Amino acid sequence: MVTVIGNLKGGTGKSTVTFNLALWLVQAGKTVLAYDLDLQRTLSDVAQVRQEEGYEPPLAVSTDLNLPKHFQYEALMDIGTGDMAQMKRALSLADRVVVPVVPSQADIWSTQRFLYFIASEIRGKPPKIVMFINRADTHSSIRESEQAYQALKTLPGVTLLKNRLHQRIVYRRSFSEGLGVFELEPSGKAAREFEELAKLLYSPSD
Ligand SMILES: Nc1ncnc2c1ncn2[C@@H]1O[C@H](COP(=O)(O)OP(=O)(O)O)[C@@H](O)[C@H]1O
Ligand SMILES: [Mg+2]
């Protein structure tokens, strides 16, 4: 399956989610093809940190969008707006687009625009769109995540997951240390919420 992790907006956690999902899938025994199609090259940089630190298994990241034909794999593509041609190609190859959304008004607007973009620019079979909230506040007194969830619920043709990833320092450490959150703090809250999300995204029914 080809999964693009995308949104027009930066800072929504695309690279964080791609990196962690790729490691999680590798450790689940899958053949993973990870593509860094964002000119910021965050995924490549974090894979390099992992390699320099000597953590196993390493994560191979390609910046060339070539899909092999004859074997089973899970492809993950991290996209950005710096290279719109690559972005469109990735979206046209996608079986689904996983969209992390930060709970803010600007992020909801740009997410809507991303959906229009996919609908208007991508020919052929439309990819399935799966959204979830990333960087949700950990204080339940703050209602922004819930308000964002309700706003996203009104978007047509989208699967909105109830699962959320919260704003946690360990996601930032994931980049600086080159490790998945489930490697950094295996019994931490981030590991638990991330693994629940990953299992849902890769459940057999999907
Ligand atoms: N759930 C989270 N909690 C805390 N920090 C996060 C979370 N998700 C992402 N970040 C941080 O936010 C910044 C942007 O994330 P990144 O994955 O690079 O976004 P994008 O690829 O969409 O631009 C990074 O510093 C990352 O470590
Ligand atoms: Mg990125």
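Me: Arg 50 is found in helix H2. Why does Arg 50 count as buried?

Reply: In this predicted model, features described locally need pLDDT of at least 70 and side-chain atom pairs count only at pLDDT 80 or more, while totals for chains, interfaces and linings use all residues. Residues are numbered from 1 along each chain as its sequence is written, chains are lettered from A and ligands numbered from 1 in the order in which they are written, and side-chain values use heavy atoms, with hydrogens and water left out. Arg 50 has a relative accessibility of 0%, and buried means under 20% relative accessible area, with exposed over 50% and partly exposed in between (1.4 Å probe, protein chains only); Arg 50 therefore counts as buried.

Me: What surrounds Arg 50, leaving aside its neighbours within four places in sequence?

Reply: Contact means heavy atoms within 4.5 Å, and on that basis, leaving aside neighbours within four places in sequence, Arg 50 is in contact with residues including Phe 19, Leu 23, Gln 27, Tyr 55, Glu 56, Pro 57, Leu 179 and Glu 183. For Pro 57, the backbone oxygen lies 2.8 Å from a polar atom of the Arg 50 side chain. Pro 57 itself lies in the loop between H2 and strand S3 (61–62), and the peptide bond leading to Pro 57 from Glu 56 is cis, with omega near -10 degrees.

Me: How do you know that H2 is roughly perpendicular to H6?

Reply: Helix H2 (residues 42–53) and helix H6 (residues 169–177) pack at an angle of about 70 degrees, and their axes are 7 Å apart. Angles of 65 to 115 degrees count as roughly perpendicular, under 35 as roughly parallel, over 145 as roughly antiparallel and the rest as oblique, so H2 is roughly perpendicular to H6. At this contact, Thr 42, Val 46, Val 49 and Glu 53 in H2 meet Ser 174, Phe 175, Ser 176 and Glu 177 in H6, a set that divides into 3 nonpolar, 3 polar and 2 charged residues.

Me: What makes H1 and H8 roughly perpendicular as well?

Reply: The axes of H1 and H8 cross at roughly 75 degrees and come within 11 Å, and H1 and H8 are therefore roughly perpendicular to each other. Val 17, Asn 20, Leu 21 and Trp 24 in H1 meet Phe 194, Glu 195, Ala 198, Lys 199 and Leu 201 in H8, and by class this contact has 6 nonpolar, 1 polar and 2 charged residues.

Me: How does the reach of H8 from its first C-alpha to its last compare with the expected value?

Reply: The expected span of a helix is 1.5 Å times one less than its number of residues. Helix H8 (residues 189–201) has 13 residues and reaches 18 Å, close to the 18 Å expected. The buried residues of H8 are Ala 190, Ala 191, Glu 193, Phe 194, Leu 197, Ala 198 and Leu 201, and what covers them includes helix H1 (14–27), strand S5 (96–101), strand S6 (128–136), strand S7 (159–166), H6 and helix H7 (181–184).

Me: Why is Asp 107 called buried?

Reply: Asp 107, which is found in helix H4 (residues 105–121), has a relative accessible area of 6% and is therefore buried. Not counting residues up to four places away in sequence, Asp 107 touches Lys 9, Thr 12, Val 101 and Val 102. The other buried residues of H4 include Ile 108, Thr 111, Phe 114, Leu 115 and Ile 118, and the buried residues of this helix pack against strand S4 (74–79), helix H3 (84–93), S5, S6 and helix H5 (144–153).

Me: Which class does Lys 125 fall into, buried or exposed?

Reply: Lys 125, found in the loop between H4 and S6, has 74% relative accessibility and therefore counts as exposed. The C-alpha atoms of Lys 125 and Lys 9 are separated by 24 Å, with the two residues 116 residues apart along the chain.

Me: Why is Arg 41 called partly exposed, and what makes Asp 36 buried?

Reply: Arg 41, in the loop between S2 and H2, has a relative accessible area of 26%, so the residue is partly exposed. Arg 41 also has a positive phi of about 55 degrees although it is not a glycine. Asp 36, placed in strand S2 (residues 32–37), has a relative accessible area of 0% and is therefore buried. Asp 36 touches Arg 41, as well as residues including Thr 42, Ser 44, Thr 63 and Asp 78.

How values were computed:
Axes are lines fitted to C-alpha atoms, for helices over the stretch in contact, and angles run from 0 to 180 degrees between N-to-C directions. Helices (H or I, at least four residues) and strands (E, at least two) are DSSP runs, numbered from the N terminus. Ala, Val, Leu, Ile, Met, Phe, Trp, Tyr, Cys and Pro count as nonpolar, Asp, Glu, Lys and Arg as charged, and the others, Gly among them, as polar. A polar contact is a pair of N or O atoms within 3.5 Å; within protein, one must be able to donate a hydrogen and the other to accept it, and residues adjacent in sequence count only if both atoms are side-chain atoms.
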